[in-house]
Amino acid sequence: MTTSNDARLRLDSLAVHAGREDFPSLGVHASPIDLSSTNPLPGVDAGGDAYERMATGGDIGDGSAVYQRLWNPTVARFEQAFAALEGAEAAVAFASGMATVTAVMMAARQRRGSHVVALRPLYGGTDHLLATGLLGTETTFVDRQEHVERAVRPDTGLVIAETPGNPTLELVDLAALVTAAGDAPVLVDNTFATPVLQRPLDHGVALSLHSATKYIGGHGDVLGGVVACDESWAQALRPVRAITGAIAHPFSAYLMHRGLQTLPLRVRAQQAGAQQVVAALAAMEGVRSVRYPGLAECDPAGLVGAGRQMAGPGSMIAIDVGTAARAAAIAEGVRLLTHAVSLGSVDSLIQHPASLTHRPVAAEARPHASVLRISIGLEDPADLIADLEQAIAAA
Ligand SMILES: *Cc1c(COP(=O)(O)O)cnc(C)c1O
C-alpha cells in the first residue's frame, strides 16, 4: 500500500490525501477539528518532558499535546499536507500571513542577524513591517534583483522577495536570487503562485511562505498563514510561535487543509479564466497596459513561458487605466466582481493598491495610482469580461 507521503504520488493526489494518514486508525473520513485548549498530562515528569520538547521546537512525539499554543493535531495535519505539496521536510502554520512573516523575521534575527534585504515590490503589510523596524530589524530595500548581492552583509539574517510580486506581478529569478544571497537564507512569499505553479524550495530557497487566507483557503472565509521549510527552520519557528501565541486556530487549519484538496483544480481553472480575461483586456479601449506573467513582455527570462520556474501564469492581473480617477471609477463600477482587498478566492475581486493594500508603502515604491489589481475567480470568463467592459467604458 502506498501512503500519501509516497514521493511517487503526484501533486494532485497529494493535495487530496496528504496529512490524512491517521484517519483509518481514527475511523474517520474527514479531519477531526480538535478544539482542546488543554490536554490531560500522562504524569508530571512525562508532561514536563513533552512541554520542554515542544517549547524548544520539537514535535509532539508520542506524548501529550499539553496546550493548544504548543501543538494541535488539526494544525499538524494541515502542516504535514502542506509540506508534501511544497516538497519540504516541514511546514509551520500560523494565525495569518503576517503572523508568519513576523515569526520568520524573529527566528532569522535570532539565528543569523538582524539585517534584512528586501526586494521590492512586496505585499504592503510586509513592506510596512520591515520599514517600521518594529521587530528590531534593519532593512535595506532594493528595487532590482541585480542589487541584492551588494546589499547583503555578514549580519544579514534574511533576504525577502515575492514572485509574482504584489501588486504588479514582477517576476524574480529564484535560482539567481539564492546565488546573490550567498550564505543568507532566502524567504519567498509564494502566495500568488501556490505550490501548484511554483515550488521555491526546488530552486534553493530556504522558506516558502503563504498567506493561506488567499488561494489555500480559497473561499474567502479563513485567515491563516503557513511556511514550508526544512526541519531545522521549523524547530526555530515553533518556539517563536509558541511564545508569541501565533498558532493557527484548529478550525482555520481544518479549512486550510480542506482547501488543499481542490487547490490544483481551482488554480488551473482560475488561471484559464484569467488568460481569457487578459486577452480581452489587452484589446479593450481605456486600458493603457496589462501586466500578467503569461505575457512575453512581463516574462523576459522565460520563468513562466519556458517553464523554468513556474508551471503557469496564475490568475492575478494588474491593469493601468491611465488615471487615478478612472481607476477609482472602475473599482466602484463593477457589478459581478467585488470591490474588495484580498485575492485567490472562488469569486473575482478588484482593488486599488495605491489606496488600500499598498497604502503604507513609501511613496517612491508605491504602485502608481492608475493601477488596479484583479483576482480572477471561477465565474464564466465571458461574464467577467462583460462586467469589466461596462465598468471601463463608463469610467
Ligand atoms: C495577504 C498577503 C499577505 C498577508 O497575509 P494575511 O493572511 O492577510 O496576514 C502576505 N503576502 C501576500 C502576498 C499577501 O497577498
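How many nonpolar, polar and charged residues make up the shell around the ligand? By class, the shell holds three nonpolar, seven polar and three charged residues, where Ala, Val, Leu, Ile, Met, Phe, Trp, Tyr, Cys and Pro count as nonpolar, Asp, Glu, Lys and Arg as charged, and the others, Gly among them, as polar.

This is a predicted model, in which local features need pLDDT of at least 70 and side-chain atom pairs count only at pLDDT 80 or more, while totals for chains, interfaces and linings use all residues. Residues are numbered from 1 along each chain as its sequence is written, and side-chain values use heavy atoms, with hydrogens and water left out.

**First stop: the ligand**

Select the ligand and the 13 residues that surround it; a residue is near a molecule if one of its heavy atoms lies within 4 Å of it. The closest are Gly97, Met98, Asp189, Thr213 and Lys214. Display the distance from a polar backbone atom of Gly97 to an oxygen atom of the ligand, which is 2.8 Å. Turn next to the side chain of Asp189, where an N or O atom is 2.7 Å from a nitrogen atom of the ligand. At Lys214, an N or O atom of the side chain is 2.7 Å from an oxygen atom of the ligand. The protein buries 93% of the 380 Å² that the ligand exposes when taken alone; these areas come from the Shrake-Rupley method with a 1.4 Å probe, and for residues only the protein chains shown count as cover.

**Second stop: strand β5 and its neighbours**

From Asp189, extend the selection to strand β5, residues 186-189. Helices (H or I, at least four residues) and strands (E, at least two) are DSSP runs, numbered from the N terminus. Are the residues on the two faces of β5 buried or exposed? Val186 and Val188 on one side are buried, and so are Leu187 and Asp189 on the other; buried means under 20% relative accessible area, exposed over 50%, and partly exposed in between (1.4 Å probe, protein chains only).

Add strand β4, residues 156-162, which pairs with β5 in the parallel sense over four bridges. Two strands pair if DSSP finds at least two bridges between them. One place to look is Ala161, whose bridge partner in β5 is Val188. Include helix α8, residues 174-181, to see a right-handed β-α-β unit made by β4, α8 and β5. Right-handed here means that, with the strands pointing away from the viewer, the path from the first strand over the helix to the second runs clockwise. Strand β6, residues 207-211, runs parallel to β5 and is joined to it by three bridges. Here Asp189 has Leu209 of β6 as its bridge partner.

**Third stop: the loop after β5**

Select Thr191, in the loop between β5 and α9 (194-197). Thr191 is buried at 6% relative accessibility. Its side chain makes a polar contact of 2.6 Å with the side chain of Asp189 and reaches the backbone nitrogen of Ser211 at 2.9 Å. A polar contact is a pair of N or O atoms within 3.5 Å; within protein, one must be able to donate a hydrogen and the other to accept it, and residues adjacent in sequence count only if both atoms are side-chain atoms.

Move on to Thr194 in helix α9, a residue other than glycine with a positive phi, near 65°. Thr194 is buried, with a relative accessible area of 1%.

**Fourth stop: the loop between β4 and α8**

Select Pro167, which lies in the loop between β4 and α8. A cis peptide bond joins Asn166 and Pro167, with omega about 10°. Leu169 lies in the loop between β4 and α8, and its phi is positive, near 65°. Most residues other than glycine have a negative phi, and most peptide bonds are trans. Leu169 is buried at 1% relative accessible area.

**Last stop: the five-stranded sheet**

Now bring up the open sheet of five strands, in the order β8-β9-β12-β11-β10, with mixed pairing. The edge strands β8 (289-291) and β10 (338-339) each pair on one side only. Three bridges link β8 to β9, residues 316-320, in the antiparallel sense; Val290 has Ile319 of β9 as its bridge partner.

Finish at Thr357, in the loop between β11 (349-351) and β12 (371-375). Thr357 is buried, with a relative accessible area of 12%. The side chain of Thr357 makes polar contacts of 2.8 Å with the side chain of Gln351 and of 2.8 Å with the side chain of His358.
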